[in-house]
Amino acid sequence: MPIYTKEQAQALLKKVLSYSKADECEVNLGGSEGGNVRYALNAVSTAGDISTVGLGVTSVYGKKAGSATIDQFDDASLERVVRRSEELAQLAPENPEYMPMLGQSEFKDAITYNANTAAMTPESRAEMVGQSLNVTKEAKLFAAGFLENSTGFNAVMNSKGLFAYNKSSDVTFSVTTRNEGGTISGYAARGFTDVSKLDTASATRVASMKANASTGARAIEPGKYTVILEPVAATYMLENMFRFDARSAEEGRSFLSKKGGGTRLGEQLMDPKVTIYSDPFNPDLPGSTWGGDGQPREKTVWIDKGVVKNLSYSRYWAQKKGVAPLPGPSNIIMEGGTQSLEDLIKGTEKGILVSRLWYIRMVDPQTLL
């Protein structure tokens with residue numbers, strides 16, 4: 001039973017907290033269930049279902065904390081994991097940056113859960129993969145792809161009265177198409193909270209079109225080119241930006257650090273067309289309404305028309321700097337122009353289209369290299 005309801009999670013967490021003898025105690029409970037289908041050479045190669053649930057306990061004495069985890073929920077095991085976390089806390093050194101746990105708070109219900117996605121079955125996954133394979137077979141191409149859906153939950157409760165719960169679902173799909181000789185290829189990927197938005201046949205047609213368009217591909221000389229990034233590629237390239245952390249900026253460890261000290265808050269850092277914000281209630285990319293330390297999340301604008309508007313502050317760093325804490329984003333939405341991908345391609349005389357980037361590693365966080 002990996003997906004606990006809000007009431008089931010609350011009851012279990014209360015039981016665990018009843019065993020605590022520490023100054024403060026926090027219990028986290030999380031689980032997920034879902035399935036996947038992998039296919040290659042126009043045939044399914046693997047399929048499976050995954051179900052997991054786990055519980056973690058953090059006990060605190062003064063500024064000393066210790067944590068332990070378990071996946072057995074009988075009474076004896078629950079008490080044992082609490083005692084273990086208390087033993088570890090007693091052995092731990094003091095954390096000078098430890099902040100007392102937060103008390104009771106009100107959190108808005110998230111929109112991260114979709115019943116249609118949660119109801120996916122091996123049969124429905126197979127049907128969606130079959131729609132993809134029909135496209136590649138008609139195009140006389142070969143497909144390799146992966147379809148995966150997952151439904152999960154997270155809950156937290158502490159000895160100060162805090163309780164928060166969130167349930168979510170998602171489905172992702174990616175496909176690569178090639179000819180028999182492997183001399184041409186095309187790629188497409190999609191991901192949604194609501195499975196009804198996923199059209200595997202349409203995505204596969206895009207990948208097939210790219211593959212056929214790459215017939216007779218030739219090398220180009222190094223130089224300066226207009227580059228169009230598809231959303232998947234842009235996300236991989238930009239994901240290292242999306243922390244907006246005040247501490248790393250103020251300590252000179254970020255692209256948001258100002259030379260000579262301070263941050264770039266208030267500076268025109270990007271093109272005026274760019275606005276970046278987080279919003280737990282964005283219908284296309286919903287997020288959790290609470291952060292890991294129990295702070296509520298609301299819509300926050302980080303970059304407004306190219307200007308840095310906000311930085312996230314942990315509770316410790318906010319107290320040190322005398323400002324209000326601001327949790328980091330649970331999602332990132334970037335606004336920009338109104339042209340479609342097709343419009344951008346049509347308007348580019350000579351350029352490069354990048355479908356994806358992979359294994360992007362940070363070399364220098366101060367310059368985003």
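This passage describes helix 4, the nonpolar cores and selected residues of a predicted model.

Local features were considered only at pLDDT of at least 70 and side-chain atom pairs only at pLDDT 80 or more, whereas totals for chains, interfaces and linings use all residues. Residues are numbered from 1 along each chain as its sequence is written, and side-chain values rest on heavy atoms, with hydrogens and water left out.

Helices (DSSP runs of H or I, at least four residues) and strands (runs of E, at least two) are numbered from the N terminus. Helix 4 comprises the 17 residues 122-138, and its end C-alpha atoms lie 24 Å apart, in agreement with the 24 Å expected at 1.5 Å a residue, where the expected span is 1.5 Å times one less than the number of residues. Its buried residues are Arg-125, Met-128, Val-129, Ser-132, Leu-133, Val-135 and Thr-136. Seen down the axis of helix 4, these buried residues fall within an arc of 155°, so they line one face of the helix, the arc being that of the directions from the helix axis to the C-beta atoms. Here buried denotes under 20% relative accessible area, exposed over 50%, and partly exposed the range in between, with a 1.4 Å probe and protein chains only. The face turned away from the buried side carries the exposed residues Glu-123, Glu-127 and Glu-138. The cover over the buried residues of helix 4 includes strand 1 (24-40), strand 2 (43-61), strand 4 (142-158), strand 5 (163-178) and helix 5 (200-213). Just after helix 4, Lys-140 adopts a positive phi of about 60°.

Within helix 5, Thr-204 counts as buried at 0% relative accessibility. Residues up to four places away in sequence being set aside, Thr-204 touches Ser-132, Val-135, Thr-136, Phe-173, Val-175 and Thr-177, contact meaning heavy atoms within 4.5 Å. The side chain of Thr-204 also reaches the backbone oxygen of Thr-200 at 2.7 Å.

The UniProt record (an unreviewed entry) places the feature "domain: Metalloprotease TldD/E N-terminal" at residues 25-89; such annotations may be inferred rather than shown by experiment. Over residues 25-89 the chain is 23% helix and 65% strand, with the end C-alpha atoms 11 Å apart.

The largest nonpolar core contains 24 residues, of which Val-27, Leu-29, Leu-55, Val-57 and Phe-73 touch the most other members; a nonpolar core is a set of buried Ala, Val, Leu, Ile, Met, Phe, Trp, Tyr and Cys residues joined through side-chain atoms within 4.5 Å. At least two residues of this core come from each of helix 1 (6-17), strand 1, strand 2, strand 3 (64-70), helix 2 (75-91), strand 4 and strand 5, and helix 1 gives the most, with 5 residues. Beyond four places in sequence, the contacts of Leu-55 include Leu-12, Val-16, Val-27, Leu-29, Phe-73, Leu-78 and Val-81. A second, separate core of 21 residues includes Phe-242, Val-274, Ile-276 and Tyr-316.

Arg-83 is found in helix 2, and its C-alpha atom is 9.5 Å from that of Val-57, although the two residues are 26 residues apart in sequence. Residues up to four places away not being counted, Arg-83 touches Tyr-19, Ser-20 and Lys-21.

In the loop between strand 8 (275-278) and strand 9 (300-304), Asn-282 is buried, with a relative accessible area of 12%. The side chain of Asn-282 reaches the backbone nitrogen of Asp-284 at 3.0 Å. Leaving aside neighbours within four places in sequence, Asn-282 is in contact with Ile-111, Tyr-277, Asn-331 and Ile-333.

Conventions:
Polar contact = N/O pair within 3.5 Å; in protein donor to acceptor, adjacent residues only side chain to side chain.
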